[in-house]
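Dear colleague,

I am handing over the structure below, and I would be glad if you kept it open beside this message while you read. My notes on two helices and a strand follow it.

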Amino acid sequence: GAIPRDDCSVPTSATEPLTANIAAPQSRVPYDELAAECNARLVSAESTDEAKQILNSFKDHHLFRIDLRHVLGHSGQFGEFSEEVTELAEVVVEAACRIALEELKKQFGTPLLSDGVACGFTLAALGKFGGIEMGFASDIEIFLVFEQECRTDGAVSISAASFFERLVTRIQELIETRRKGIFELDLRMRPYGQAGSAAVSLDTLQQYFGARGDAWPYERQSLVKLRCVGGVPAFRLRLDEVARRLVYSSQSFDFEAMRAMREKQIRQLVRGGCINAKLSSGGLVDCEYSVQALQLTFGKTYTSLQTPNTSKALTAANAAGLISDSDYAQAEQAYRFLRELIDCLRMARGNAEDLTVPDRDSADFSQLARRMKAVHDSPVSLDNLEQEMARVRSFAERVESICRDNQHFSAQKQVSRD
């Protein structure tokens with residue numbers, strides 16, 4: 001249930017200005033309480049349009065409150081801001097899903113399996129949403145997975161595939177975005193990309209991401225971040241088990257494919273002579289991919305690595321003895337530094353697109369350094385940017401060596417068995 005709070009901790013209305021309650025930004029609102037408030041407000045809606053307005057008013061109010069807490073330095077330790085934004089996104093997505101589901105059931109009935117039981121489904125959260133790592137100006141990466149093909153039981157009967165595709169589309173329509181990329185639903189990571197449906201059956205998912213499937217290595221790698229949101233609880237557990245098997249059974253990581261993709265990203269997306277905090281060599285992506293390499297290589301043996309959260313996976317790798325205390329400390333510091341840098345770049349620019357670091361001699365660079373200190377109390381100065389990115393490159397090299405040694409050892413063991 002909801003965690004009790006005193007009357008002055010947060011505004012009690014999604015339309016009440018935060019300035020009316022100066023203590024509001026100082027206190028975090030727990031997930032259960034957010035969900036309860038959202039549901040209580042939606043009860044009064046007499047139409048889908050009214051529900052949409054209530055939902056987006058709730059979203060905008062709490063997103064502003066969370067952002068304000070962050071800017072004022074009330075978000076606490078590293079990762080808490082991400083947890084707050086992700087929890088809000090989850091509440092909003094689940095509410096939009098329920099609104100859309102009821103709307104579609106009135107039109108088409110319920111998708112039923114051959115035994116008369118309602119077809120299970122869930123939303124597969126990916127990326128920063130799946131990893132509980134959302135930040136300032138983050139989007140929401142999802143696609144929908146349903147149990148199996150069947151039909152609805154309404155007077156107008158449609159296939160489950162069509163029903164759930166409409167459900168995802170309607171969820172996307174219900175969640176309004178004030179700026180491009182901010183709380184915007186991103187459906188591009190679904191199987192077969194833009195050519196595929198945003199709603200796929202469990203069989204299709206297993207075929208696509210399986211060892212002989214059509215998925216590219218980076219697509220299989222993206223499943224490391226998969227986390228089930230909303231839908232039918234029993235089916236969420238089932239998809240979670242399937243995803244873990246698909247991700248961790250191979251016990252290998254394709255470094256050649258990853259390197260080719262990184263070269264393409266840098267060539268196409270990084271401006272010449274500039275540093276992109278996410279995509280340049282030694283940027284956040286290299287840190288994340290290195291951790292995912294450890295997860296994919298060792299996750300079957302060390303199940304603590306089977307987490308969508310990068311920080312937790314890095315900690316688990318150190319606890320399992322896969323990386324040294326020194327490597328862990330340096331990688332964790334660089335990862336945190338780059339996350340905080342990207343957060344402040346997005347805060348300054350109001351979008352998630354341009355992550356180019358200003359020229360070192362510019363006023364923008366000095367302002368960015370001050371913002372990092374003020375908002376995050378960053379222990380590492382922005383002046384150390386190149387050193388931190390060099391740490392990431394060194395960490396990536398050591399991880400590749402560790403993973404390749406393990407793969408070589410596993411291959412030798414297999415030969416001796418044969």
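**Two helices and a strand**

In this predicted model, 15 of the 15 residues of helix α10 are buried, so this helix is largely enclosed by the rest of the structure. Helix α10 covers residues 284–298, and it reaches 21 Å from its first C-alpha to its last, which is close to the 21 Å expected at 1.5 Å a residue.

Helix α9, made up of the 15 residues 255–269, should span 21 Å at 1.5 Å a residue, and the 20 Å between its end C-alpha atoms agrees with that. Its buried residues are Phe 255, Met 258, Met 261, Arg 262 and Gln 265. They cover an arc of only 125° around the axis, which means that they lie on the same side of α9. An α-helix has 3.6 residues a turn, so residues three or four places apart point the same way. On the face turned away from that buried side, α9 carries the exposed residues Arg 267 and Gln 268. At the N-terminal end of α9, Asp 254 acts as a cap, with a side-chain oxygen 3.3 Å from the backbone nitrogen of Glu 256.

Strand β2, residues 121–126, is covered on both faces, with Phe 121, Leu 123 and Ala 125 buried on one side and Thr 122, Ala 124 and Leu 126 buried on the other. It runs antiparallel to strand β3 (residues 140–146), to which six bridges join it, and there Leu 126 has Glu 141 as its bridge partner. Three bridges also join β2 to strand β7 (residues 227–229), again antiparallel, and in β7 the bridge partner of Ala 125 is Arg 227.

With best wishes

Definitions and conventions: Residues are numbered from 1 along each chain as its sequence is written. This is a predicted model: local features need pLDDT of at least 70, side-chain atom pairs count only at pLDDT 80 or more; totals for chains, interfaces and linings use all residues. Side-chain values use heavy atoms; hydrogens and water are left out. Helices (H or I, at least four residues) and strands (E, at least two) are DSSP runs, numbered from the N terminus. The expected span of a helix is 1.5 Å times one less than its number of residues. Buried means under 20% relative accessible area, exposed over 50%, partly exposed in between (1.4 Å probe, protein chains only). The arc is that of the directions from the helix axis to the C-beta atoms. A polar contact is a pair of N or O atoms within 3.5 Å; within protein, one must be able to donate a hydrogen and the other to accept it, and residues adjacent in sequence count only if both atoms are side-chain atoms. Two strands pair if DSSP finds at least two bridges between them.
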